[in-house]
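The exercises below ask the reader to work through a protein model step by step, with the structure open alongside. Each task is followed by a worked solution.

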Amino acid sequence: MNSYNQYMLECLELAKRALQKENPPVGSILVFEDKIIGRGIESGKSTGDITQHAEILAIKDALKNGYQDVLEKSVMFSTHEPCIMCSYLIRHHKIAKLVFGVSVPFVGGQSSEFKILETENVPKWGNKPEIESGILQNECELLNEKFAEYLAKQ
């Protein structure tokens, strides 16, 4: 696998595009054998559809591109820890590894009290994904600060 930073920089670019449309700055990609197979840009706020999270859109993009059979061998990169909703989808598709920048304590699939990314109590989900966090964390936090500034002006 190429450098995590390379993929996280791609996620940061997607997150900046989300922020330009007044969405939370979240970008996500799926990588299989050093190839990006799916991309997602957070767009729940701009579309009015709460399910339009970057991680969900990256998975849908990979499915649309014909990569259903390799999702469980793929790595998801995201600027943010996937929320509970996104974590369910990650577990459903058995994505092998997750790499993200910043945690989302109240609704994150690992750091909140609802540890969907860590549970092994759902038999069909199989093994939990390997998780690495804090990758380009400062850059992700800077985008969060820009979003907070935007919200404060509302």
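Two residues are taken to be in contact when heavy atoms lie within 4.5 Å, and a residue is taken as buried when its relative accessible area is under 20%. The model is a predicted one.

**Exercise 1. Determine how far helix H3 is enclosed, and which elements cover its buried residues.**

Begin with the individual residues: in H3, those that are buried are Ala54, Glu55, Ile56, Leu57, Ala58, Ile59, Asp61 and Ala62. Eight of the 11 residues of H3 are thus buried, and the helix is therefore largely enclosed by the rest of the structure. Next, look for what lies over these buried residues: the cover includes strand E1, strand E2 (35–41), strand E3 and helix H4.

The two sides of the helix in sequence can then be inspected. His53 is found in the loop between helix H2 (44–47) and H3, and because its relative accessible area is 14%, His53 is buried. If residues up to four places away in sequence are set aside, His53 touches Glu42, Cys83, Met85 and Cys86. Just after H3, Gly66 adopts a positive phi of about 85°.

**Exercise 2. Describe the packing of helix H3 against helix H4, starting from the geometry and ending with the character of the residues in contact.**

The geometry comes from the axes of H3 (residues 54–64) and H4 (residues 84–92), which are 8 Å apart and meet at an angle of about 30°. Since angles under 35 degrees count as roughly parallel, H3 and H4 are therefore roughly parallel to each other. The contact itself is made on the H3 side by Glu55, Ile56 and Ile59, and on the H4 side by Met85, Cys86, Leu89 and Ile90. Sorted by character, the residues of this contact comprise six nonpolar, no polar and one charged.

**Exercise 3. Identify which residues touch the most other members of the largest nonpolar core, and which elements supply this core.**

The largest nonpolar core has 19 residues, and within it Met8, Ile29 and Phe77 touch the most other members. At least two residues of this core are supplied by each of helix H1 (4–20), strand E1 (27–32), strand E3 (75–80), strand E4 (97–102) and helix H5 (137–153). The largest share, seven residues, comes from H1. Apart from this core lies another, of 18 residues, which includes Ile59, Ala62, Ile95 and Leu98.

**Exercise 4. Classify the aromatic pairs Tyr4–Phe77 and Tyr88–Trp125, and state what parts of the chain each one links.**

The structure holds four aromatic pairs. For Tyr4 and Phe77, the centre-to-centre distance is 5.6 Å and the angle between the planes is 70°, an edge-to-face arrangement. Tyr4 belongs to helix H1 and Phe77 to strand E3, so that this pair links distant parts of the chain, 73 residues apart. Phe77 counts as buried because its relative accessibility is 0%.

For Tyr88 and Trp125, the ring centres are 5.5 Å apart and the planes stand at 75°, so this pair is edge-to-face. Tyr88 lies in helix H4, whereas Trp125 lies in the loop between E4 and strand E5 (130–133), so the pair ties together parts 37 residues apart in sequence. As to exposure, Tyr88 counts as partly exposed at 46% relative accessibility, while Trp125 is buried, with a relative accessible area of 9%.

As a last step, the grouping of rings can be checked: Tyr4, Tyr7 and Phe77 form one aromatic cluster.

Key. Residues numbered from 1 in each chain as written. Predicted model: local features only at pLDDT ≥ 70, side-chain atom pairs only at ≥ 80, totals over all residues. Heavy atoms only, no water. Core = buried A, V, L, I, M, F, W, Y, C linked by side-chain atoms within 4.5 Å. Buried < 20%, exposed > 50% of the residue type's maximum accessible area, 1.4 Å probe, protein only. Helix = DSSP H or I, 4+ residues; strand = E, 2+ residues; numbered from the N terminus. Axes fitted to C-alpha atoms, helices over the stretch in contact; angles between N-to-C directions. Parallel < 35°, antiparallel > 145°, perpendicular 65-115°, else oblique. Nonpolar A, V, L, I, M, F, W, Y, C, P; charged D, E, K, R; others polar. Phe/Tyr/Trp six-rings, centres within 6.5 Å; stacked < 30°, edge-to-face > 60°.
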